[in-house]
Amino acid sequence: MCEIIAVANQKGGVGKTTTAVNLAASLALAEKNVLLIDFDPQSNATTSLGFRKNDIEFDIYHVLMGTKKLSQIIKETEMPFMHLAPSNIGLVGIEKEFYSKKNAGRELILKKKVQEVVDSYDFIIIDSPPALGPLTINALSVANSVIIPIQCEFFALEGLAQLLSTIKILRDSINPNLKIKGFLPTMYSSQNNLSKQVFSDLSQHFDEKLFKDKTNNNYIIVPRSIKLAESPSFGKPVLLYDVKSNGSVAYQALAQTILQGA
Ligand SMILES: Nc1ncnc2c1ncn2[C@@H]1O[C@H](COP(=O)(O)OP(=O)(O)O)[C@@H](O)[C@H]1O
Ligand SMILES: [Mg+2]
């Protein structure tokens, strides 16, 4: 059975792409067949994996528009078990398409397109854009679960209520089984009191939603890590750049927890 996980938070810069790319790579390292779908017109996941605009003739936009099948745009990556469905800036156009076509079921377009490949993958990870628009709604409509990265900075929880209410609306309508897989604290700095405060608020209010490492019962927290920030510029997930760095270790722990059924 393929498990589909969306990484979502309408705030920008909270670590969605970093999480999607590095979770996908860590699952692939465990020899799970993984498809990462870049569902953000900014295509940061695509460029993070070393692809340049000229490398990509067709992308997820063409799949949504029906000009290509999903299987026709999928690229291999440097990780043997990890494939990428790239995006491109053209994907911004899809929002207009979605709104202009008054077709019922426009929330379910990605879900329809994904059916073609679900049998080929153990996991599909979807990186979504920083908005609660039609792309994120499509991602949340096909997903079995959602991971919500929370940046350990001021305003961390801002917008969370709106995201949770969107998830509830989808559960009550088109995706009744959508689960919150967990909140993932990102960019945590132990030197920083604000980081500690945000984490303490999170654990107070949402303890059951935080990921825990089953081997030691510690919370899984992604630290602020220069290696994590640098690896996209080398076109690599962090584990191909510095596998022992603390950011790499955190994402591998997240993958292990998910493999153990988190
Ligand atoms: N744990 C981290 N430590 C240091 N830098 C990070 C970390 N996570 C993300 N970043 C950097 O922060 C910026 C925003 O992260 P990104 O994953 O692109 O967020 P989003 O996809 O939510 O906009 C990027 O430059 C990224 O490299
Ligand atoms: Mg992003």
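The following conversation goes through a ligand site and a few buried parts of this predicted model.

Biologist: What makes a residue part of the surroundings of ligand 1, and how many residues surround ligand 1?

Modeller: A residue is counted if one of its heavy atoms lies within 4 Å of the ligand, and 14 residues surround ligand 1, the closest being Gly13, Thr17, Thr18, Pro223 and Ser225. Helix H1 (16-29) and helix H10 (226-230) each supply at least two residues of this shell, and the largest share, 3 residues, comes from H1. By class, the shell has 6 nonpolar, 6 polar and 2 charged residues.

Biologist: Why is the pairing of Gly13 with an oxygen atom of ligand 1 called a polar contact?

Modeller: A polar contact is a pair of N or O atoms within 3.5 Å, and a polar backbone atom of Gly13 is 2.7 Å from an oxygen atom of ligand 1, so this pair meets the cut-off. Polar backbone atoms of two further residues also pair with an oxygen atom of the ligand, with Val14 at 3.0 Å and Thr17 at 2.9 Å. Taken alone, ligand 1 exposes 550 Å², and the protein buries 78% of that.

Biologist: Where does ligand 1 sit?

Modeller: Ligand 1 sits in the largest pocket, a statement that requires more than half of its atoms to lie within 2 Å of the grid points of that pocket.

Biologist: Why is Ser245 called buried?

Modeller: Buried means under 20% relative accessible area, and Ser245 has 8% relative accessibility, so Ser245 counts as buried. Ser245 lies in the loop between helix H11 (238-241) and helix H12 (246-259), and its side chain reaches the backbone oxygen of Asp242 at 2.7 Å.

Biologist: How do you know that helix H7 is largely enclosed by the rest of the structure?

Modeller: Of the 9 residues of helix H7 (residues 134-142), 9 are buried, and therefore the helix is described as largely enclosed by the rest of the structure. Among the buried residues of H7 are Pro134, Thr136, Asn138 and Val142.

Biologist: What makes Phe123 count as buried, and in which strand is Phe123 found?

Modeller: Phe123 is found in strand S5 (residues 123-127), and because its relative accessibility is 6%, set against a limit of under 20%, Phe123 counts as buried. The C-alpha atoms of Phe123 and Met65, which are 58 residues apart along the chain, are separated by 24 Å.

Terms used: Residues numbered from 1 in each chain as written. Chains lettered and ligands numbered in written order. Predicted model: local features only at pLDDT ≥ 70, side-chain atom pairs only at ≥ 80, totals over all residues. Heavy atoms only, no water. Polar contact = N/O pair within 3.5 Å; in protein donor to acceptor, adjacent residues only side chain to side chain. Areas by Shrake-Rupley, 256 points an atom, 1.4 Å probe, with all protein chains shown as cover. 1 Å grid on protein atoms, 1.4 Å probe; cavity = no way out; pocket = protein on both sides within 12 Å on 5 of 7 lines; lining within 4 Å. Helix = DSSP H or I, 4+ residues; strand = E, 2+ residues; numbered from the N terminus. Nonpolar A, V, L, I, M, F, W, Y, C, P; charged D, E, K, R; others polar. Buried < 20%, exposed > 50% of the residue type's maximum accessible area, 1.4 Å probe, protein only.
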